[in-house]
Each structure stands twice: as structure tokens, then as C-alpha cells.
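This report looks at charged side chains, a histidine and a few backbone angles, and it asks the reader to keep the structure in view while following each point.

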Amino acid sequence: MGALVLGMSAPVMAQDYASAINAVSQALKSDPSGTASAKQVVKDYMKSFKKDPKAMVALGEAYLAVKNYDQAVACADLAIKKAKNFGEAYVLKGDVEALKDDGGNAAMWYQQAMSIDPKNPNGYLRYANVYRKRSPQESERVMQELRAKVPEYPVDAEMGHNYYEAGNDEKALESFSNANINTISESYIAEYALAAFSTGKYEKGLEVAKKAIQRFPKNDGFIRLAMFNAVEGKNAAEGVKYAEQLINSNVEKRSNDYTYYGRALQEAGRYEEAIEKFEKAFSVDNTTYANLQKISEVYQTMGNSDKALEYSQMYLDKNPKVEAMDYDNLANIYFKKIKAAKDEADEFKKRMDEETDAKAKKAMTDEYNKLVAKANTEKAANWASAVEVYNKMVAKFPHTENYSLYNKGHQAFVLELDDEAISNYSRLLDNLKAKTELTDNEKYYLKAGSKELGYIYWASKNDLDSAKPYFQTVYDMDPNDSLAKKALGIEE
């Protein structure tokens, strides 16, 4: 609350005491009591301005800034004595209580200011600040009251700020959207763009950031906000544009700036440049391990699975806060390598089958056999590597055992490794059937694993009798499953 109070604008000071209060404020910084080195400066000020309530409030604000609450209250009382309807004096007394962390008394004084000086926005604003977290509804009510009493005041922008400070970004965005973006303050427009960003309204966030860049061209931070919203909104062209502007600006560069630059380039299909930026981000801060995973992703997109594996493994080795799904990502690269080798052989066979020249077809057949042999050799090695990754995942996160078995079983099924699928799915089903109650995920594993096992026995091994118990499990869970009904001989 103290930060909120000190961040509010002080009342506009008349020119006759403005320079004098500055001297007093400086003196009180070294002598908060005002009785030692600042004594004469304070005495001279009082002699000249003690009959001016605005000057007394200004002095009280100076005491408040150095946390001399007693003198701040005394100044407020002097102002009230001279002008009992001067709302700023009551606001000052509320500010004292706010800085003492007494929200109840602070609200009481702010309420008095609202009642005595209903056209002064500060009482409403301070009161709303007090209640913005403890009672957002009360905070909104008093802001609407301010709107009614002072229609020209930018209430929507203030409400947006209140909601933003209270952590309610949805309501902040709603209120800021009702404000005049051409008059909203520099700090509030930043909150506007951030509220849009945090709520996933990236197009709006980019729009706001662009307006902020126009209005406050010297604030390069708005370029960063434009970049953030553009990249998260998958607007590659705008993302690259603002990333380049940011990197070429005078603003201090952060690791995250290069990460977002890399993401923009990645989205734009400029993969080599994206990798350079992710590497730069990691060099700026070598604890930003996610950049290693991003490099791995780009290499996967480029079809360079070996480099993808290298960086994914590096991410696991370096990151002290590695999560279970990070192991899953690494294992999936091995699975993709197996599929890529199979797809290459299948594509070659398709061309071979279409070849009509006997000599050329013979040469292609020899090449195809080599491709198949190579694919099978790599399949065994890559499968073993993927299994080892899952073993490490389960050793580190024992609760992932069933997920690990399901994913190995499913990948083996997709890759036509029937014996591996049977082995993993059988262990999974034994684990699940031993439980008295299944989670939703486990129910999914049970049904999917049973269906794929049944299919393997029926279609691949031509053993419908062995397949039927698995299809019975599927049917019991989903009587509308057409494949299970067909296998079990149940008529539609």
C-alpha cells in the first residue's frame, strides 16, 4: 500500500511555495525529524506559508516521504484548521495510515475526503486502491461514483490500473479497452499491453504496443511489448520487424529478447538465423536452458535429427529442473528417426514399383534392399535408445511408469514393432488391472492399449482368439466401439 501512496501524484503546488518545499524536502532527507539540520529551513517555510492549506499539505507530504508520520498528521490538521473542506488534507491523513499499513483507517480518511471534497479525484482513487484486492467490487463501485461526480476524469484508465495492480488482468484489459488510448498515460499503456499479453489477446496487445510506440517513441520498452505480442500471436513478419528494431535500439538487451527474436525467425522459416539467436540467448544467460530445447526443435523441423538429439540431450544434462516431459521429447526424436528411415524406404519402393525399365528396376531393387537393411539396423538402435530414455524418466519420476509403458506400446504399434508393443502393453494392462480405481488418463491407456493389442493379434498374428479378450475390455468400456463389436461378432 505504501508504494501505491507514494506513487500517486501530489497535489499541484502553487508557484509561491513550490521552490521552497523542494528545499524543505531535501533538508528532511538528512533530518527526518526536522529539528536538527532541517530546523531552520522548516521554520522559514512555516513562517511564510503556515496560513496556506495547500502549502501545509505539501509540507506534510514531505514529512510523509521520510516516514515522519506525526509531523505529517500535524501538517494535515493545520490545513484542515485553515480550510475544513480541503480534501487533500484528509487524503494526506489517509496516506499516513496507508503507509502504516492500517487500511481501515486509511479508507475512513479517504471516505471523508470524498464526502467533503466530492470533485477531488484523489480521495476516490486512494479509497479504490485500499479495496482493490480485499473487495474489487467496492473498488469498482467507488470508481463508478467518481465517474458520476467528475465525468471528465479518465476513470476507465484508473480502473484498468487498479485491476492490473490487483492481478486481475482480464478486468484490467476490459477497463483499459474502454479508455481513450490517445490520452492514457505512459505507464498505464504499458499495463494495457501487458494485460493483453498475459490474457492471450495478442492481436490487441500488438495494437496497443504500436500506439504506445507512436506516442512515446523514446521508450524502447514498447518495442519489446510489440515483439512479445507479435511472436505469441504467431505474427512472424511483425515479430521479426520489432525484434530487429529492439536489438538495434539502445535498450539493454536481455536473454529473453534474443529468445523471442529466435522464435520470430523460426515462425518465419528462417531456421539458421533462429538457431543463431537461440544460441545468443543462451550465451547471454547460460541458465536459460529452454533455448537449448528450442534449438533442438528447429533442427527437427530442418530434418537434422542428429543435431536435434544433441541439443535435446544437452538440455537434459544441463537443466537442474528437468521435467518428465523433457525425457518424452528426447525419446520422440528417436521415434521420429525410425519413422523417417521407414518413410524413406517406402518412398523409394513406390518409385521402384513405378519403374518400367528392367535394368533400372534391378538396380533400384538392390538399392532398396540396402535402404531396408539400414532402416532395420537403425530401428533397433534408435528403439533401444528411446527405451533407455524412458527408463531414466521412470527412475527419476516413478509416477510416470504407466505413461512410459503406454507411449512405448503405442509407438511400437505405429512403427510395426509388434513384439515390443505386446511386451509394453501387457505390462501396462497388468499394472492397471491391479488398481482398484483408475484415473481418466489410465482409463484411456487401458482402452487404447487393449484395442491396439487386439488389433495386433487379429490383423498381424491372425489369432482372433487371443485378440478377443482385449476387444472385450474395449467393448466393456465403450459398447459403441465398432472394431471391438466386429471382432467379438456383435451385430451392429
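## A patch of positive charge

For a patch of charge, the residues taken are those with over 30% relative accessible area and no salt bridge, and like charges are joined within 9 Å. The model discussed here is a predicted one. On its surface, Lys-50, Lys-51, Lys-81 and Lys-82 gather in a patch of positive charge.

Among these residues, Lys-50 is found in the loop between helix H3, residues 39–49, and helix H4, residues 53–65. Lys-50 counts as partly exposed, because its relative accessibility is 46% and the partly exposed class lies between the cut-offs of 20% and 50%.

## Salt bridges between separate parts

Side chains of opposite charge can pair when their charged atoms come close. The structure holds 28 salt bridges, and two of the pairs described here join parts that are separated along the sequence.

One of them is formed by Arg-132 and Glu-165, whose closest N and O atoms are 3.7 Å apart. Arg-132 lies in the loop between helix H8 (121–131) and helix H9 (136–149), while Glu-165 lies in helix H10, so the pair ties together parts that are 33 residues apart in sequence. Arg-132 is buried at 7% relative accessibility, whereas Glu-165 is partly exposed at 32%.

Another salt bridge links Lys-210 with Glu-238, and here the closest N and O atoms are 2.4 Å apart. Because Lys-210 belongs to helix H13 (residues 202–215) and Glu-238 to helix H15 (residues 236–247), the pair ties together parts that are 28 residues apart in sequence. Lys-210 counts as partly exposed, with 31% relative accessibility, while Glu-238, at 15%, counts as buried.

## A pair within one helix, and a network

Glu-174 forms a salt bridge with Lys-171, and the closest N and O atoms of this pair are 3.8 Å apart. Both residues lie in helix H11 (residues 169–178), where they are three residues apart, about one turn of the helix. Glu-174 is partly exposed, with a relative accessible area of 43%, and Lys-171 is also partly exposed, with a relative accessible area of 24%.

Salt bridges can also be followed through a group of residues, since Glu-138, Arg-141, Glu-145 and Lys-149 are linked in a network of them. For a sense of distance across the model, the C-alpha atoms of Glu-174 and Glu-388, which are 214 residues apart along the chain, are separated by 50 Å.

## The surroundings of His-161

His-161 is found in helix H10, which covers residues 155–165. This histidine is buried, because its relative accessible area is 13%, and buried means under 20%. When residues up to four places away in sequence are not counted, His-161 touches Arg-132, Phe-176, Tyr-188 and Glu-191. Arg-132, one of these contacts, is the residue that forms a salt bridge with Glu-165.

## Positive phi angles in two loops

Most residues other than glycine have a negative phi. Asp-101, although it is not a glycine, has a positive phi of about 65°, and Asp-101 is found in the loop between helix H6 (87–99) and helix H7 (103–116). With a relative accessible area of 63%, Asp-101 is exposed.

Lys-234 also has a positive phi, near 60°, and is a residue other than glycine. Its place is in the loop between helix H14 (221–232) and H15, and at 55% relative accessibility Lys-234 counts as exposed.

Methods:
Residues are numbered from 1 along each chain as its sequence is written. This is a predicted model: local features need pLDDT of at least 70, side-chain atom pairs count only at pLDDT 80 or more; totals for chains, interfaces and linings use all residues. Side-chain values use heavy atoms; hydrogens and water are left out. Helices (H or I, at least four residues) and strands (E, at least two) are DSSP runs, numbered from the N terminus. Buried means under 20% relative accessible area, exposed over 50%, partly exposed in between (1.4 Å probe, protein chains only). Contact means heavy atoms within 4.5 Å. Patches are made of residues with over 30% relative accessible area and no salt bridge: like charges are joined within 9 Å, nonpolar side chains (Val, Leu, Ile, Met, Phe, Trp, Tyr) within 5 Å. Accessible areas come from the Shrake-Rupley method with a 1.4 Å probe; for residues, only the protein chains shown count as cover. A salt bridge is a side-chain nitrogen of Lys or Arg within 4 Å of a carboxyl oxygen of Asp or Glu. Lys and Arg count as positive and Asp and Glu as negative; His and the chain ends are not counted. The place of a charge is taken as NZ of Lys, CZ of Arg, CG of Asp or CD of Glu.
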